[in-house]
Protein chains: 2
Amino acid sequence: MKRKDFLEVSGKSLLGLTLLSQIPAKTFAKSTKTNIQSAGGFMIEVKTKRLFLENTWTISRNSSDYKDNVLVKIEKDGVFGLGEAAPNVRYGEDNLKTIERINSVRHLFDEHDLWHFVDLKEDIFANITDQNCARCALDIAILDWVGKKLNAPLYKIWGLDKEKTPLTSYSIGIDTIENIKRKTREAEKYPLLKIKVGKDNDEEIIEAVRSVTDKPIRVDANEGWKSKEVALEKIKWLQEMGIEFIEQPMPAHMLEETRWLRDR
Amino acid sequence: MKRKDFLEVSGKSLLGLTLLSQIPAKTFAKSTKTNIQSAGGFMIEVKTKRLFLENTWTISRNSSDYKDNVLVKIEKDGVFGLGEAAPNVRYGEDNLKTIERINSVRHLFDEHDLWHFVDLKEDIFANITDQNCARCALDIAILDWVGKKLNAPLYKIWGLDKEKTPLTSYSIGIDTIENIKRKTREAEKYPLLKIKVGKDNDEEIIEAVRSVTDKPIRVDANEGWKSKEVALEKIKWLQEMGIEFIEQPMPAHMLEETRWLRDR
């Protein structure tokens, strides 16, 4: 089975978990919002969990000291399923909207048997159109419940080989050169790094990482390079530094320039 | 969930079972060939079962008193999975070729964990290209084993609503008018009939069925109508008799004529 197929089969659920695992949490804060409601034999709980980051997280677009993730817990027939959403501000997502959307589809859990999860998910997806993170959290919670009821992990139920899970990268944010070197050393156990760039000192950052490790690195500019000429120059230089690939080199609206870049 | 999607999800496995359930067996004959082989903790058994039909089965292409189906049994870890193939002569399939193809992929069961059934099936499908019935029997047997190990029916594992299973039709072969009437009466419990036509007395057959029942009927000409003009005339007449759809009106190679027909 090919990597792409594996991702297609495992889908958004794994993606959500993957994103989460990249966030180093200093402390798991007390929940800031709790909402419990019984719905036809169900207990559905939705809450925000503020994850304080070990290091301030900076990319070319913004900077943050915490992530407000949303946790969903679905309980029925003595088993609970857990799902988690990592709202992404870049796509207009946030924890309050996510909670609102999840609450807005509670009634669907009365209308469908939880075992008929194909229909249930189809209905949820039709009713939540603007917060993919909310869909994702519910999807994970439902399938987590199913797996626990069947007493088997999802990869087994889906017939997948867990040894063939695609490698995901550990991300290192923009920081002082000394901190970037330290974080690269601390990331020793992760085989693949994603380095955030898109500021004025990209070369300095990459050289700092390369001074500490030879492992494959990917580069994410988070739309930080504002002209195609700058982007092309950066990419040519990065190529020589043995970079696996480059993500979001240009602002999303600059499609023409990005095409120009791709052609080269 | 739409009917088409249900079929896509449930796939060939259900199709195979559906086909089988349409064959009324008079007696379940003794197996005519048995082949047992232990392969890395597996026991795989493949054999032909001759199913003697209650009535001689006649369609426009051919006639038969029995069906030689192939049964596969995969046994591992105290559980066995059963699969069945219904070879179709129209597609160059027969029981001996099916057995040969199944035997030719036995080694794949040594190379893959049975739980990694996505890879296993991909490999089987790549190695059996000319006998879809052999693929189907293995597919069913593997998934039957998985379901038994998870202690749940496949529809549940796949999140499907079994009440929404698409209706399949009960087929009535070409026969004397009296026998066709009798068989139509005997099929009382089946909500949907498929009537085999494609000979000279199609009208007589349909009128005989309609004299006994008002239920929805489908018509299968099994490529029996040899000219587009004849087919068009038949179809127009059948339309007035309240027929749901018509299958294989013309010989498979007459694509031009079939397109002409479809346009009308």
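The following paragraphs describe the symmetry, interface, cysteines and selected residues of a predicted two-chain model.

Residues are numbered from 1 along each chain as its sequence is written, while chains are lettered from A and ligands numbered from 1 in the order in which they are written. As this is a predicted model, local features need pLDDT of at least 70 and side-chain atom pairs count only at pLDDT 80 or more, whereas totals for chains, interfaces and linings use all residues; side-chain values use heavy atoms, with hydrogens and water left out.

A look at the overall fold is a good place to start. Chain A contains ten helices and eight strands, taken as DSSP runs numbered from the N terminus (helices H or I, at least four residues; strands E, at least two). Of its 264 residues, 45% are buried, where buried means under 20% relative accessible area, exposed over 50%, and partly exposed in between (1.4 Å probe, protein chains only). Contact here means heavy atoms within 4.5 Å. Among the contacts in chain A between residues at least 6 apart in sequence, 62% join residues at least 24 apart.

Turning to symmetry, a turn of 180 degrees with a shift of 0.1 Å along the axis lays chain A on chain B with an RMSD of 0.1 Å. The two copies are therefore related as by a two-fold rotation axis. The superposition is by least squares on the C-alpha atoms of residues with pLDDT of at least 70 in both copies. Leu150(A) is the residue of chain A that comes closest to this axis, with its C-alpha at 3.1 Å.

The interface draws 16 residues from chain A and 16 residues from chain B. Since 100% of the interface residues of chain A are also interface residues in chain B, the copies meet through the same surface. Together the chains bury about 1600 Å², of which 58% is on carbon and sulfur atoms; buried area is the accessible area (1.4 Å probe) that two parts lose on being put together, summed over both. Two salt bridges are counted between the chains, each being a side-chain nitrogen of Lys or Arg within 4 Å of a carboxyl oxygen of Asp or Glu. One salt bridge joins the side chains of Lys164(A) and Asp119(B), at 2.7 Å from N to O. On the side of chain A that touches chain B, helix 4 (117-127) and helix 6 (154-157) each supply at least two residues. Helix 4 of chain A gives the largest share of that side, four residues.

The cysteines come next. Zero disulfides occur over all chains, with a disulfide taken as a pair of cysteine sulfur atoms within 2.5 Å. For Cys133(A), the nearest cysteine sulfur belongs to Cys136(A), 7.9 Å away. Cys133(A) is buried at a relative accessible area of 6%. In chain B, the sulfur of Cys136(B) lies 7.9 Å from its closest cysteine sulfur, in Cys133(B), too far for a bond. Cys136(B) is also buried, at 10%.

Three further residues deserve a mention. Leu193(B) belongs to strand 6 (residues 193-196) of chain B and is buried, with a relative accessible area of 0%. Beyond its neighbours within four places in sequence, Leu193(B) has contacts including Ser169(B), Tyr170(B), Val209(B) and Lys215(B). The C-alpha atoms of Leu193(B) and Lys215(B) are 7.6 Å apart, although 22 residues separate the two along the chain. Asn222(A), which is not a glycine, has a positive phi of about 45 degrees. Asn222(A) sits in the loop between strand 7 (217-220) and helix 9 (228-240) of chain A and is buried, at 3% relative accessible area. Asp77(B), also not a glycine, has a positive phi of about 50 degrees, and is placed in the loop between strand 3 (63-76) and strand 4 (79-85) of chain B.
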